[in-house]
Amino acid sequence: MSDTTYPPSADFAANAHIDAAKYTEMYDASINDPAAFWGEHGKRIDWIKPFTKVKDVSFELGKVSINWYSDGTLNVAANCIDRHLATRANQTAIIWEPDSPDEEALHITYQELHDNTCRMANVLKDLGVTRGDRVVIYLPMIPEAAYAMLACARIGAIHSIVFAGFSPDALGARINGSDAKVVITADEAPRGGRKTALKSNTDAALLHCDDRVKNLVVKRTGGQTTWTERDYDCTALMAAASTECAPEEMGAEDPLFILYTSGSTGQPKGVVHTSGGYLVYASMTQELVFDYHEGDIYWCTADVGWVTGHSYIVYGPLANGATTVMFEGVPTYPDASRFWQVCEKHKVNQFYTAPTALRALMGQGNSFVEKCDLSDLKVLGTVGEPINPEAWNWYNEVVGKGNCPIVDTWWQTETGGHLMTPLPGATATKPGSCTTPFFGVQPVILDPTSGVEIHDTEAEGVLCIKDSWPGQMRTVYGDHERFEKTYFSDYKGYYFTGDGCRRDADGYYWITGRVDDVINVSGHRMGTAEVESALVAHAQVAEAAVVGYPHDIKGQGIYAYVTLMNGVEPTEELRKELEKWVRTEIGPIAKPDLIQWAPGLPKTRSGKIMRRILRKIAEDDFGALGDTSTLAEPAVVDDLIENRMNRG
Ligand code: WTA
C-alpha cells in the first residue's frame, strides 16, 4: 500500500463546492447535531408536505427501525423531472450512447424525459399497476430503463431491477420473491457486439411464475420475439399513451425500490430503499463527491441492474438536474479505447467506473487512452472493490494527466450512497484508500472477536457504522428479522458492513475486503452459498464449496471445490458442463473460474466445512494453513494441496 498523498490543487479547491475547511466544519456539524444538519439538507429536494420530524432511528436488536423525514410527502420522479422543467426543459437530461459507435447517440431533454416517463407510467397504470405494486425491470442499458424506474416512482409502484446478465432462473426467483405484477423487458440486449435474447429469457422465467404476471416488451433491436398471451408491446403502447400523468403523493418512508443482493448465507436478499432519505442522500453525494456543477456532463459506467446505476446514473444526477450519460456497451468494444472515445465525444467532465475495468484497460496499453482528447475531464471516480495502487496511479497519470482528483468511493447496496470517499476539493487522497467519511457517517473499527470498538487512530478490524444516515436500507423485503440478524446482531448497536478495514495514523480508512462469505468478482457481489447451491443442484455433484481467490483483472475469481457422486468420473467435459450449469442457474458472472475435483472436503468433526483452509489453498498460500488438528480427516487437505488449480 502506498502512503503518497495527493492534495487537491489550490485551483480545484477554490472552485469546489467543499474545500478542506468546509469539510471539517460540515462534518463536525453533522455529527454534533444530526437532526439539525439533515433537517437543513433535507430541503435540497422538493416536498409536497414538508417534514417536521428528521430522524427516528433505533439500531437495537429486536427493535431495529430506521426512519428519516417520516411525516414528509414527496414524489421522487417529480423531483427528478418536473421540478426542473421551468428552467431546463430543453437541457439534456440523458445522453444515451449505444453499444455500437455506428448507431447514433440520443440526447434526451428533461421535457422528453417527462413525456416518456409519463407515457410509460400510463402504460403501467393501464396494466393495472397501482401504488405499492411491484414491477420487475429486466432491461438493457437503454433509455426505457430510466423511464421505467421513474414511471414506477411516479405512480408509487416499487421497482425491482434484475441485471440483464442474470439467467431465467434467477429472474424467475426475483419475480416470485417480490410478487411482481408486471415484468418490463426488451426483445434483445446488444452488448459488445453480441445480443442476449432477453425476451426469451423472460419467457423461460415466467414459466415458473403466476399466469397473471404481465410482460411488457420494449423493442430494442426488432429481433425475434414470439408473442404470448401475457405479452404487451411497450413501444407501441407508449407511442399511443398520454404524455401527462400526475405524480402520486408518497410518504418519505414508502418504498422506492427493492434490489436483490448477495449475502453470506442463503439466497440473495431484497434490499429495500425508501423515498425521501434515499433521494436526499443520493443527490447530495452525487453533487459533492463528484463536485458536479451546472452544465457539467457526468458519466457513471455502471449498469442500472446494480445499486451504482440506481443512485449515480438515475436518481442522484437527475434529482440535481444534471446531464447523465447512459452507456449500453462495454469498455472493450469495438476496442479498448471505447470509454475514452465516449468521454471525448460527449465532453465528459466527471467519469466514474470500477477498478476491474481500469485493470483490464491498463493491460491493453496507453495508446488507447492517449489517442483521445480527455481535456474535459475534471474528476475521476472508482467504486465496487478496493483499487490497487498500480491501477490508481495509471488512472491518475494516464487518464487524468495528473490533473483530476480521484474519488475512491466505498459504499454498498445497503447504504444507498457513498459512505466513505474523498471530496475532490477537500481531501488529500492516497492510492488505495477511500479516505474519510461523508457527512453524518460515523465509521468505527471493532475487534472481530470481542466486538469492542478500537479507539486508537491506527486500528484494524471489522468495519461498522455507529449511527444511521438518510440513505440507509430500511429492511429486507418481506423479512425484517433477516435484516436485523444480518446487520445488527453480531455487533450490538452498530450497523455491520461485512467489510474488514484498517485505519492509518492519519485516520484514513483502507477497506481490506469482505470478512464474510461474500466475494467480489469484477465488482459484482456474489454469495459463495449461491454458487454452491447451484453446483449441488447438478445430478452428478455430491458436495461443493466455493471460495474467492485473488485474480489480476477481476479482483477476485471464483474457486469451486467439487465432490462428485460415487462412481462419477471427473472429466474435462463434466467441468465444462458444470460451468455451463452455473451460468444457466445464476448467470455468466457466477461461472467458476477454477473447478477442483475434491475427493473430500476438510471438515470439523461436527461436519462443518473449514473454509479458512479452502481459501488458503485457493490462494496458493497453503504454507500458512493454521490449526488443522480439529479436522475429521486431515489427509484430505494433502490431496487438495497436491491438486490445487491456482499455482502462482
Ligand atoms: C466492496 C457497490 C473497497 C465492499 C457500491 C462492499 C469496495 C461491497 C468499494 C459492496 C471501494 C465497494 N473500496 N471496496 N471503493 N466499493 N466495495 O453492494 O466489499 O455491490 O461491501 O455495492 O463492495 O458491493 P455492492
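## Close-ups of a predicted model: the ligand shell and four strand neighbourhoods

**Close-up 1. Who lines the ligand in this predicted model.** Sorted by class, the residues forming the shell around the ligand come out as six nonpolar, six polar and five charged. There are 17 residues around the ligand, and those that come nearest are Asp408, Thr409, Thr413, Asp499 and Arg525. Two of these names, Asp408 and Asp499, turn up again in the next view.

**Close-up 2. Polar side chains reaching the ligand: Asp408, Asp499 and Asn520.** Start with Asp408, where a polar side-chain atom sits 2.7 Å from a ligand nitrogen. Asp499 picks out an oxygen of the ligand instead, with a side-chain N or O atom 2.6 Å away from that oxygen. Asn520 also faces a ligand oxygen, this time with 3.3 Å between the oxygen and a polar side-chain atom. How much of the ligand's accessible area does the protein cover? On its own the ligand has 520 Å² of accessible area, and 95% of that is covered by the protein. Helix H12 (307-319), strand S20 (406-409) and strand S25 (509-514) are the elements that each give two or more residues to the shell.

**Close-up 3. The open sheet that includes S25.** Four strands make up this open sheet, and walking across it gives the order S21-S22-S24-S25, with antiparallel pairing. Which strands sit at the edges? Those are strand S21 (443-446) and S25, each of which pairs on one side only. From one strand to the next, the twist averages 45°. Now look at the S25 end of the sheet: strand S24 (residues 495-503) pairs with S25 in the antiparallel sense, over five bridges. One spot to find there is Gly500, whose bridge partner in S25 is Gly513. S25 is also the strand listed above among the elements that give two or more residues to the ligand shell.

**Close-up 4. Strand S29 with S28 and S30 as pairing partners.** Why call S29 (residues 555-564) largely enclosed by the rest of the structure? Because eight of its 10 residues are buried, where buried means under 20% relative accessible area. Strand S28 (residues 541-551) pairs with S29 in the antiparallel sense over 10 bridges, and the two are joined by a hairpin of three residues. To get your bearings in that pairing, find Ala544, which has Val562 of S29 as its bridge partner. The pairing with strand S30 (residues 594-597) is parallel and has four bridges to S29. Here a handy marker is Ala560, with Ile595 of S30 as its bridge partner.

**Close-up 5. Strand S17, buried on both faces.** All five residues of strand S17 (residues 323-327) are buried, so the strand is largely enclosed by the rest of the structure. Which residues point to which side? Thr323, Val325 and Phe327 share one side, Thr324 and Met326 take the other, and every one of them is buried. Strand S4 (residues 92-97) runs parallel to S17 and pairs with it over four bridges. Ile95 is the residue to look for, as it stands opposite Val325 of S17. Strand S16 (residues 297-300) is parallel to S17 too, with three bridges joining them. In that pairing, Tyr298 stands opposite Thr324 of S17.

Methods
Residues numbered from 1 in each chain as written. Predicted model: local features only at pLDDT ≥ 70, side-chain atom pairs only at ≥ 80, totals over all residues. Heavy atoms only, no water. Near = heavy atom within 4 Å. Polar contact = N/O pair within 3.5 Å; in protein donor to acceptor, adjacent residues only side chain to side chain. Areas by Shrake-Rupley, 256 points an atom, 1.4 Å probe, with all protein chains shown as cover. Nonpolar A, V, L, I, M, F, W, Y, C, P; charged D, E, K, R; others polar. Pairing = 2+ DSSP bridges. Axes fitted to C-alpha atoms, helices over the stretch in contact; angles between N-to-C directions. Buried < 20%, exposed > 50% of the residue type's maximum accessible area, 1.4 Å probe, protein only.
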